[in-house]
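Biologist: I'd like to go through a few labels and hear how each one is justified. Could you pull up the model?

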Amino acid sequence: MEKKVEDILLEEGLLSQEQLKEALEESRVSNQKLERILTSKGWVKEEDINRVMASFAGVKTVNLDNYLIEPGVISTVPQESAHKYKLIPIYKTDKTLGVAMVNPTNVFIIDELQRKTNLLIEPFMASEAEIDRAITQYYGTASTVREIIASIDEKKLMEGEKLGEEAPIIKLVNLIIIQAVQERASDIHVEPEEKYLGLRYRIDGILHRRSSLPKLLQPAVISRLKIMAGLDIAEKRIPQDGRILMRVGNKEYDFRVSSNPVSHGENFVLRILDKSTLAFELETLGLDPFGLGRVKELTAKNYGIILVTGPTGSGKTTTLYCVLQKLNKETVNILTVEDPIEYELPLIRQTQVNPKAGLLFSSAMRAFLRQDPNIIMVGEIRDQETAELAVQAALTGHLVFSTLHTNDAPTSFNRLIDMGVEPFLITSSILGIIAQRLMRRVCEQCKEPYTATKANLEGLGLGDKVGQDIKFYQGKGCALCSQTGYKGRVGIYEVLKTSPKIQELVLHKATADEVRKVAVEEGMKTLRQLAIEKLLAGMTTIEEVVRVTQEV
C-alpha cells in the first residue's frame with residue numbers, strides 16, 4: 001500500500017496518532033485539507049509538510065526567503081497568474097523557467113505556463129506563505145533602483161519602527177545585490193557621504209560608481225543589510241563582520257559582509273563569492289605552458305615552501321585553492337589556516353583565524369604540526385614568527401604553501417630576509433615562488449583593432465618591432481561590458497624555481513635585480529613579458545599592461 005504524507009510524519013515522529021485522529025475528523029467535518037489543519041494547530045511545521053510532499057512528487061523544495069529573483073525573471077509570468085495559481089518564477093535559462101509552486105504536481109498549471117512562456121517548466125515546492133510574501137515583494141511597477149526610490153514614501157518610512165523590514169527597502173537592497181551579480185561584481189561598496197549614500201561595484205578589479213541613494217534612506221538600507229547579515233542593528237560604534245547566503249537565479253552566492261564606522265555613518269562592503277564556481281582546476285588559471293610545467297614540477301615535491309605573491313585582489317587565494325585541489329586525495333592530510341575561509345574544500349581541514357580568541361597564523365601553525373599533516377597552507381606570512389614556523393614545517397618534511405605581499409618573485413627573498421629569516425634557512429626551504437597579476441580582458445563583443453604607434457611600441461620595450469604592422473585591440477564599449485570595453489580578466493604568472501645559482505645569490509644577500517637576471521636566464525618569464533604576450537594575442541590593451549605591470 002502506498003504511503004501517505006501523514007504516514008511519513010508519523011514515522012518521523014513529527015505527528016502523534018492522537019493528533020492525526022483529531023485532524024482527520026476535523027478535515028472530514030470542515031472539508032479543509034489535512035495539511036492546513038496540521039499547520040494551523042501548530043502540530044507540524046509547514047516546511048516539514050512541504051519536504052515530505054516534495055519527496056512524493058519527486059521535486060525539490062526551495063526557501064524563497066533566501067532567494068533573490070531578478071526583475072527579468074518576474075516579468076515572464078503575469079502577476080494575475082502568480083496570484084491565481086500560487087506560484088512565482090525564480091530563475092530563467094535559455095530553455096528553462098524555474099517556478100516555485102504550492103502544488104508542483106499540477107500538470108495543468110505547468111502545461112499552461114509552458115504554453116505561455118515557450119519554456120520548459122522546472123517546478124519547485126514552496127510554502128503558500130513564502131509565495132505570498134514573494135509576490136508582494138517582487139511584483140509592482142518599480143523595477144529599477146530609481147523607480148523604487150521614487151515610489152518610497154520617505155516620511156512614512158522614517159516613522160516606522162522596523163526600518164529594515166519595510167517592503168520597499170527590502171526590494172531596493174535586493175535589487176542592488178541582483179544588479180551587482182548581473183554585472184559580475186566582486187564587491188559591493190555602500191558608502192555614506194555627507195549628503196547621500198554612495199554605491200560602487202568593483203568589476204574586474206576596478207571600482208565603478210553606480211546609484212547615489214537619498215541620505216534619508218541610509219538608516220533603513222544599513223538596517224536591512226545588518227538584518228540580512230545577522231549583525232547587531234543597535235551597534236554602530238565598532239566594526240562588525242557577517243555573512244549572507246543567497247540564491248540569485250539558479251546559483252548560490254556567499255556574501256561576506258563587513259561594516260566599519262566612518263564620519264557620516266557606517267561603511268559596508270559585501271564581498272561576492274560565487275559558490276557555483278568551486279571546480280578549482282590548475283589548468284584553467286591561464287598559465288603559459290612553461291609556467292604550468294614549472295608549477296606542476298614544484299608541487300610534486302614532498303616538502304618545502306611554495307609562495308604565491310602579488311597585491312590584494314590579484315587572485316592568490318584562487319591559485320592556492322587550485323593547487324590544493326590538484327593535490328587533494330584520500331592519502332594526504334591537508335590543513336589550512338585562512339583569514340577568511342573563502343571557499344570550503346572537501347577533505348581539507350580549514351581553520352579560520354580568530355584574533356579575539358588568540359588564534360593567529362602562528363598559533364595555528366604550531367597546532368598543525370601536532371595534527372600529522374602532509375600539506376599545510378598558511379593564508380599569509382606577515383611576520384618573522386610565522387615565516388620561521390613555515391620554514392620549520394618545511395624542513396621537517398611538510399609541503400607548505402603561503403602568500404606574501406611583494407611586487408614580483410625575486411623580491412620575495414629580500415622580503416623574508418627583512419623579516420629576520422636567515423638566508424641559509426630560506427635557501428634550504430623555498431622551492432619556488434609564483435608572482436601573479438590579473439589583467440582585464442578586452443570585451444569580445446565590441447573589440448576593434450588599431451595599429452600601434454612608435455611611442456606605444458617603444459614604451460613597452462618593443463622598439464625592434466617599429467615599422468611592423470602590429471595590431472592591438474581595444475573595446476569601444478557596449479551593453480555587454482557596461483560601456484567599459486572590458487569583460488572578464490586573464491592572469492599572468494611569473495614562476496621562479498629556486499635553483500643552485502639562485503640559492504648562492506640569496507646566501508650572499510644579492511639584490512632582486514641580480515636574482516631576476518639569473519631566473520630569466522634559467523627560463524623564467526617576467527610579469528611584463530607575460531603581459532605583452534597577452535597583449536600581442538589580442539586579449540588585453542596597452543593601458544592594462546602598463547597599469548598592471550608598471551611596478552615590476
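Biologist: Which helix does Ser412 lie in?

Modeller: Keep in mind that this is a predicted model. Ser412 belongs to helix 17, which covers residues 411-419.

Biologist: What makes Ser412 buried?

Modeller: The cut-off for buried is under 20% relative accessible area. Ser412 has 0%, so it counts as buried. Leaving aside residues up to four places away in sequence, Ser412 touches Thr309, Leu404, Thr406 and Ile433.

Biologist: Okay, on to strand 4. Why is strand 4 called largely enclosed?

Modeller: Strand 4 spans residues 96-101, and six of its six residues are buried, so the rest of the structure largely encloses it. Thr96, Gly98 and Ala100 point one way, Leu97, Val99 and Met101 point the other way, and all are buried. That fits the usual pattern: in a regular strand, side chains alternate between the two faces of the sheet.

Biologist: How do you know that strand 3 and strand 4 pair?

Modeller: Pairing takes at least two bridges. Strand 3 (residues 87-92) and strand 4 have five and run antiparallel, so by that cut-off they pair. Tyr91 stands opposite Gly98, and a hairpin of three residues joins the two strands.

Biologist: And what about strand 4 and strand 5: parallel or antiparallel?

Modeller: Parallel, with six bridges between strand 4 and strand 5 (residues 120-125). Leu97 faces Ile121 there. From strand 4 the chain goes through helix 7 (residues 107-117) to strand 5, a right-handed β-α-β crossover.

Biologist: Now the helices. Why are helix 20 and helix 21 called roughly antiparallel?

Modeller: Angles over 145 degrees count as roughly antiparallel. Helix 20 (residues 500-507) and helix 21 (residues 512-521) pack at about 175°, with axes 10 Å apart, so roughly antiparallel it is. Lys501, Ile502 and Leu505 of helix 20 make the contact with Glu514, Val515, Val518 and Ala519 of helix 21. These residues divide into five nonpolar, two charged and no polar.

Biologist: One last label. What makes strand 14 and strand 20 edge strands?

Modeller: Seven strands form an open sheet of mixed pairing, in the order 14-13-15-16-12-17-20. Strand 14 (349-352) and strand 20 (486-497) each pair on one side only, hence the label "edge". On average, neighbouring strands of this sheet are turned by 15° against each other, ignoring direction. Strand 20 pairs with strand 17 (residues 430-442) over ten bridges in the antiparallel sense, and Ala435 has Glu494 as its bridge partner. Helix 22 (residues 527-536) lies across strand 17 and strand 20, at about 145° to strand 20.

Conventions: Residues numbered from 1 in each chain as written. Predicted model: local features only at pLDDT ≥ 70, side-chain atom pairs only at ≥ 80, totals over all residues. Heavy atoms only, no water. Axes fitted to C-alpha atoms, helices over the stretch in contact; angles between N-to-C directions. Helix = DSSP H or I, 4+ residues; strand = E, 2+ residues; numbered from the N terminus. Parallel < 35°, antiparallel > 145°, perpendicular 65-115°, else oblique. Contact = heavy atoms within 4.5 Å. Nonpolar A, V, L, I, M, F, W, Y, C, P; charged D, E, K, R; others polar. Buried < 20%, exposed > 50% of the residue type's maximum accessible area, 1.4 Å probe, protein only. Right-handed = clockwise from strand over helix to strand, strands pointing away.
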